[in-house]
Amino acid sequence: MALKPVTSPDIEAPTIRLTIDGEQVEARQGVSLYDVISQTGKIIPAMCYHYTFDPFGSCGMCLVLVEGKKAPVRSCTAKAEAGMQVRTEGDDLFQARKKAVEKHLTIHPLDCPVCDADGHCELQDMAFQHGVTNLVNAKPKGLPEDRRSLVLDFNMNRCILCGECINICKDVQMVDALQFFKKEGTTHVVAKGDKGLVCEFCGDCLAVCPVGAITNKYSKYVYKPWQLRKTTSTCAYCADGCQMSIETSGKDVQRVTSPLSWKNKWGDRAETAEGHGGLCVRGRFGFQYIDSKERLAMPLIRAEEGFAPRSWFEAMDTVAGRLKAIKAQHGPNAIAGLITARCTNEELYLFQKLMRAAIGTNQVDSSARYGHLNFTRALQHAAGIGRMMNGYEEITKANVLLLIGTDITETNPVASLRVKEAIRVYGAQVVVATSRQTNIAKLASHPLTIAAGSEREFIQALVKAAIEEDLVEEAATTAAPEAFAALKAAVAGLSWEALTARTGTAREVVVEAVRLYAEAPKAVILCAEGVTRQVEGYASILNLVDLAWVTGKLTRPGCGVNALPEEANEQGAVDMGVAPELLPGQALYADEDARARLATAWRGSLPPPDPGATLMEIVKRCREGRIKALYLVGENPLATLPASTGVREALEKVELLICQDPFLTETSRLAHVVLPATTFAEKDGTFTNLEGKVNRVRPALEPYEEARPDWEVFAALGTALGYPMEYESPQDVQREIMKLLPGYYNLGEPRPVTARPEGYLRNGYVREVEARYAAHTDRTEADQAARPFALTIGQVLYHSGKLSTRASGLLQLSPSKGRLQMNPEDIARLQLGPQDVVRVTSAKGSLELRTEPNHDLARGTCFFPEHFNEPPMKDLAGCVVDPTTGVPAFKFTRVAIEKLCVEKASA
Ligand code: SF4
Ligand code: SF4
Ligand code: SF4
Ligand code: FES
């Protein structure tokens, strides 16, 4: 059992002794008596208790007798004291608990036959356990259902006022959207202000409700819990790696639940520092794409009159035949492949093996190239670590968290709960530096609004301030004096005037932030898209490593530098070597010995490192006609990359475009062959989450129609190309990976990491450091004057890439509005009404659309969700490719905004 300290993870309450049913037990002073009892293995009834938040004490079920007290006490709210004599059993207690159940049932509607919780209801269980049969005086409340929310219905007739929904929303989510409210002569749970619920729709309140008072609109009245088949799997949206149960009947997904819903709350009070067992809105309510009728049912081959459905035999024959012909005529480097990081580890591994061993090209890349590779490559280079340095528990228990360029509650919502727990339970100080007022900034002790797109300079300012204010740790810097001297010289070249002008942040503010970070025993840096997906993202990560190094935080336990990946298996894509510069296990592709070892294991040969190609190089080579065949797996570059990259020309130029995807996408409409793929819910395999944990993905459904899992297609194609890839199952692939990467399958266990920066600091560092602190030249004042608004294209909570736009539940919550979000003051200044159209002009072109206010945006900034292309705002952005990693930066640009008169707009 773990007990939550009130203020600090480093302070433990004194140990005391007390007696439970005659048995001496040890406990920490002041913790809930209920927790101490459950520690002994005894299960006492409890309905309003939940392991995720502090006891509330409303249901009256957890009664025990404490010597010296006349009446039974509620053990959940009673605190353990030294010398207490506690009795948990006996007929008197049974009768008292039975009375509590009767009291609840007297006003309960007993509509179990039509209740979604029937068979999964704590009140039913309690009534059964206590033999409650006499309900002659029952007086149900007869209240109408509250159906004002888009997702959740509230049936207050069934509510037992346990407060769990309110508490989890307030304490764990820190959203605080619900309240008790007196009306119609009784107490209701309503959204704050008694309005329709508008919140993050995580569904945790639905999950913890012990009865059927909160129900899920998307699956109401369509099942009884015992009719559903539960399959435990891992969410395929973001990299948080949430565990979920996909609940199906026949070929349909009925609902998604999580450990929070069914975890035995009568057992231990669980340690939540590693996670609370819940989901976010995407995981819980974004499942409809799985059994969508828009799924591809058959392979398609382009014919004169459009796509024609064909058998797998014919489609694979065409693909293999044309690939063979292209290879024979132009060589293997006329072929390239891109794969989504939503595939499993086993599929990612097989894909790079197919491209390298069966086809013979090193032109292979994944969607981790959109940003995460900036982080893993930098950390690998500087410290020998190719993933996040800190797991959930270390984030939760950090004294100081420094968040830069991340809107974590939108991109990685369940990971953000670790930051929230750090704030709420452990009293962490949190610095949030972003260009908008993010949800986490609203909760942080030190929210800093920095100018949009200035994360790079803000990080440089932090390093400069740490050195100038002598916040360096001598032991760290004296071990590498030349490196430190070079860093000192490099930051001395930066002017505060320029940094302040660029970031909009005064020196004192930067100093306060860095002092907090440097002086904390356990300090963790978290960054994301605002750093990894921006220009010079690789260099910015190295600058964060500089900050951690000079302040002594790079090698200290509990500290580290981290970047949150967006897609479910970006870390797996890097680990499996789906990048031209990497082999499985993140060995360098240029390492001849490593290549030779792999060639032996594969009983084949690997192509030389050159001419390997990353994503943007592949696009370029397609455009130039050097690549004749492009194999895309779950990737949709036409909808992702800005037009200025020439992506359409590239895709139209290739002789053979193969798209393997569950859906017909913008890109696959251009394809010559379309292969129907399964979703994660039909797959067996693993994902590696942001902590480096390898989580199981299990099939909840048979493949949709003729769709096949990606690994099967790769294996069949490799064999058809003359390179036998005879795997019977994903487990065969796992066995091969295990031989190559012993210890990779750490199911459920994070792998500890140790930073080893010594070699980097002593060798290449001095050569590199000056360039990393050079002032920017690409953001001139003239540019700002001509295009005064900073446009960011980014993620919103309700979506993940383009995949979520196939989930009707999420589209209902967050439809494509085609509106540019702006600060209300800017809207007022430009005198824009809701129907007015603006022209947005960047260096790359113009688009016309309407606007909507977003109070979280700073003046002079605007935002468009990256999930939608109506209108194609991404085409306004240019694309800057990182010189080291090839990561394309295209989510940020400067624009001018002018109001159009309505006639002009519609003309
Ligand atoms: S869905 Fe989540 S955010 Fe909304 S009220 Fe319930 S717990 Fe709170
Ligand atoms: S709605 Fe459910 S969780 Fe909320 S107070 Fe009522 S019974 Fe408890
Ligand atoms: S989208 Fe991310 S945070 Fe949400 S349930 Fe899935 S893995 Fe968890
Ligand atoms: S009063 Fe203790 S569990 Fe409800």
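Which residue of β23 is the bridge partner of V633? The legends below concern a predicted model, and the opening view supplies the answer.

**View 1. Parallel pairing of strands β22 and β23.** The bridge partner of V633 in β23 is Q660. Strand β22 comprises residues 629–633 and strand β23 residues 656–661. The two strands pair in the parallel sense over five bridges.

**View 2. The open sheet of seven strands.** Its strands follow the order β14-β13-β24-β23-β22-β15-β16, and the pairing is mixed. The edges are formed by β14 (306–309) and β16 (364–366); each has a single partner strand, so one side of each is left without a neighbour in the sheet. From one strand to the next, the twist averages 20 degrees.

**View 3. Helices α9 and α27 against the strands.** Helix α9 lies across β15 (335–339), β16 and β22. Relative to β15, α9 runs at about 175 degrees. Helix α27 lies across β15, β22, β23 and β24 (673–676). Relative to β22, α27 runs at about 150 degrees. Strands β15 and β22 thus appear in the list for α9 and also in the list for α27.

**View 4. Packing of helix α9 on helix α27.** Helix α9 spans residues 345–359 and helix α27 residues 710–720. Their axes lie 9 Å apart and make an angle of about 15 degrees. Angles under 35 degrees count as roughly parallel, and α9 and α27 are therefore roughly parallel to each other. The crossing in which α9 passes α27 is left-handed. On α9, the contact is made by E347, L350, F351, L354 and A358; on α27, the contributing residues are D710, W711, F714, L717 and G718. Sorted by class, this contact of α9 with α27 contains seven nonpolar, one polar and two charged residues.

**View 5. The surroundings of ligand 1.** The residues around ligand 1 are C169, V175, A177, L178, L197, C199, E200, F201, C202, G203 and C205. By class, the shell around ligand 1 consists of nine nonpolar residues, one polar residue and one charged residue.

**View 6. The surroundings of ligand 2.** Ligand 2 is surrounded by C159, I160, L161, C162, G163, C165, V189, C209, P210, V211, A213 and I214. The shell around ligand 2 has 11 nonpolar residues and one polar residue, with no charged residues.

Methods:
Residues numbered from 1 in each chain as written. Chains lettered and ligands numbered in written order. Predicted model: local features only at pLDDT ≥ 70, side-chain atom pairs only at ≥ 80, totals over all residues. Heavy atoms only, no water. Axes fitted to C-alpha atoms, helices over the stretch in contact; angles between N-to-C directions. Helix = DSSP H or I, 4+ residues; strand = E, 2+ residues; numbered from the N terminus. Parallel < 35°, antiparallel > 145°, perpendicular 65-115°, else oblique. Left-handed = near helix turned anticlockwise from the far one by under 90°. Contact = heavy atoms within 4.5 Å. Nonpolar A, V, L, I, M, F, W, Y, C, P; charged D, E, K, R; others polar. Near = heavy atom within 4 Å. Pairing = 2+ DSSP bridges.
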